[in-house]
Amino acid sequence: MKGEAFQVVNTERESIQTDAKYLLERILSIEKQLQTCQHNNAAMEERIRKIEDNTFDSERGLNHPVRATTTQVAFHARLKNDLTSIGTNQPIVFDDVTLNNGNAYNSGDGIFITPVAGVYVFALSIMVVREHHISVTLKSTDGVIGIIYVDDGQFTFNSASNVFLTRLNKGVHVWARKEGANGNFLHGGYSTISGFLLFE
């Protein structure tokens, strides 16, 4: 009887040890899975935070990629000869065209017509002789884009220039004109106009 009881006790002990070993292995496996889940959760939270930050910055206009433009528009023109008689509010025709990508500038009437809607950059530069101060406005069918003024000054020749940035719709006419009655001279070669499409 004692031998049989001892055998039963040993069997139960071995069974308990086996069960304990199995439970320990399961606990270790579960802990490992939990650590992996925690790591993945932390990585997911970081990704979500970055997405939220980028969305917030985008709404504020930051980190917002500028759309590349496929339309290439750029022109540059100058006065071929001196203008010695310019009427009040007369358009100024820069007739010597050195660049006209997109063919949007007309050297016959000095008008640039926007082929697409977008943000445009214009540069205007004029030169006068002493005692011929003048104001020149860059106008559009949507309104005034900008204005430059050259004083008669103390030098034989005086000049002024400026760069203008504006958003325009498709089909808008842009041109330069003299403002008011003052000024009857613009120097050929040194008086220029330029423009290009920055992005659509």
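The backbone oxygen of His-187 lies 2.9 Å from a polar atom of the Ser-191 side chain. A second approach to this side chain comes from Met-127, whose backbone nitrogen is 3.2 Å from a polar atom of the Ser-191 side chain. These values, like the others reported here, were computed from a predicted model. Ser-191 is placed in the loop between β10 (173–179) and β11 (192–199). The relative accessibility of Ser-191 is 0%, and the residue therefore counts as buried. When residues up to four places away in sequence are left out, Ser-191 touches Ala-77, Arg-78, Leu-79, Phe-94, Ser-125, Ile-126, Met-127 and Leu-186. Met-127 thus appears both among these contacts and as the owner of the backbone nitrogen described above.

The surroundings of Ser-191 can be placed within the chain as a whole. The protein chain contains one helix and 11 strands. Read from the N terminus, the order of elements is α-β-β-β-β-β-β-β-β-β-β-β. The chain has 200 residues, of which 30% count as buried. Its accessible surface is about 13,100 Å², and carbon and sulfur atoms account for 53% of this area. Contacts were also examined by separation along the sequence. Among those between residues at least 6 apart, 72% join residues at least 24 apart.

Five of the strands make up an open sheet with antiparallel pairing, in the order β3-β1-β11-β6-β9. The edges of this sheet are formed by β3 (96–101) and β9 (157–168), each of which pairs on one side only. On average, and with direction ignored, neighbouring strands of the sheet are turned by 10° against each other. At the β3 edge, the pairing of β1 with β3 is antiparallel and extends over five bridges. Within this pairing, His-76 is found opposite Leu-99 of β3.

Strand β11 of the sheet also contains Leu-197. Leu-197 has a relative accessible area of 7%, so this residue is buried. Its C-alpha atom is separated by 9.6 Å from that of Arg-167, although Leu-197 and Arg-167 are 30 residues apart along the chain.

Another antiparallel pairing involves strand β7 (residues 134–140) and strand β8 (residues 143–150), which are paired over seven bridges. Ile-134 faces Val-150 of β8. The connection from β7 to β8 is a hairpin, made through two residues.

Aromatic side chains were considered next. The structure contains five aromatic pairs. One of them is formed by Phe-75 and Phe-112, whose ring centres are 4.9 Å apart; the planes of the two rings are at 20°, so the pair is stacked. Planes under 30 degrees apart count as stacked. This pair connects distant parts of the chain, since Phe-75 belongs to strand β1 (residues 74–78) and Phe-112 to strand β5 (residues 111–113), 37 residues apart. Phe-75 and Phe-112 are both buried.

Phe-112 also takes part in a pair with Phe-122. Here the ring centres are 5.7 Å apart and the planes are at 75°, so the arrangement of Phe-112 and Phe-122 is edge-to-face. The pair again links distant parts of the chain: Phe-112 is in strand β5 and Phe-122 is in strand β6 (residues 118–129), with their positions 10 residues apart in the numbering. Phe-122 is buried, as is Phe-112. A single aromatic cluster is formed by Phe-75, Tyr-105, Phe-112, Tyr-120 and Phe-122.

The loop between β4 (105–106) and β5 holds Gly-108. The relative accessible area of Gly-108 is 58%, and this glycine is therefore exposed. The C-alpha atoms of Gly-108 and Asp-95 are separated by 6.8 Å, while the two residues are 13 residues apart along the chain. Two loop residues have thus been described with opposite outcomes: Ser-191 is buried at 0% relative accessibility, whereas Gly-108 is exposed at 58%.

Notes
Residues numbered from 1 in each chain as written. Predicted model: local features only at pLDDT ≥ 70, side-chain atom pairs only at ≥ 80, totals over all residues. Heavy atoms only, no water. Pairing = 2+ DSSP bridges. Helix = DSSP H or I, 4+ residues; strand = E, 2+ residues; numbered from the N terminus. Phe/Tyr/Trp six-rings, centres within 6.5 Å; stacked < 30°, edge-to-face > 60°. Buried < 20%, exposed > 50% of the residue type's maximum accessible area, 1.4 Å probe, protein only. Polar contact = N/O pair within 3.5 Å; in protein donor to acceptor, adjacent residues only side chain to side chain. Contact = heavy atoms within 4.5 Å. Axes fitted to C-alpha atoms, helices over the stretch in contact; angles between N-to-C directions. Areas by Shrake-Rupley, 256 points an atom, 1.4 Å probe, with all protein chains shown as cover.
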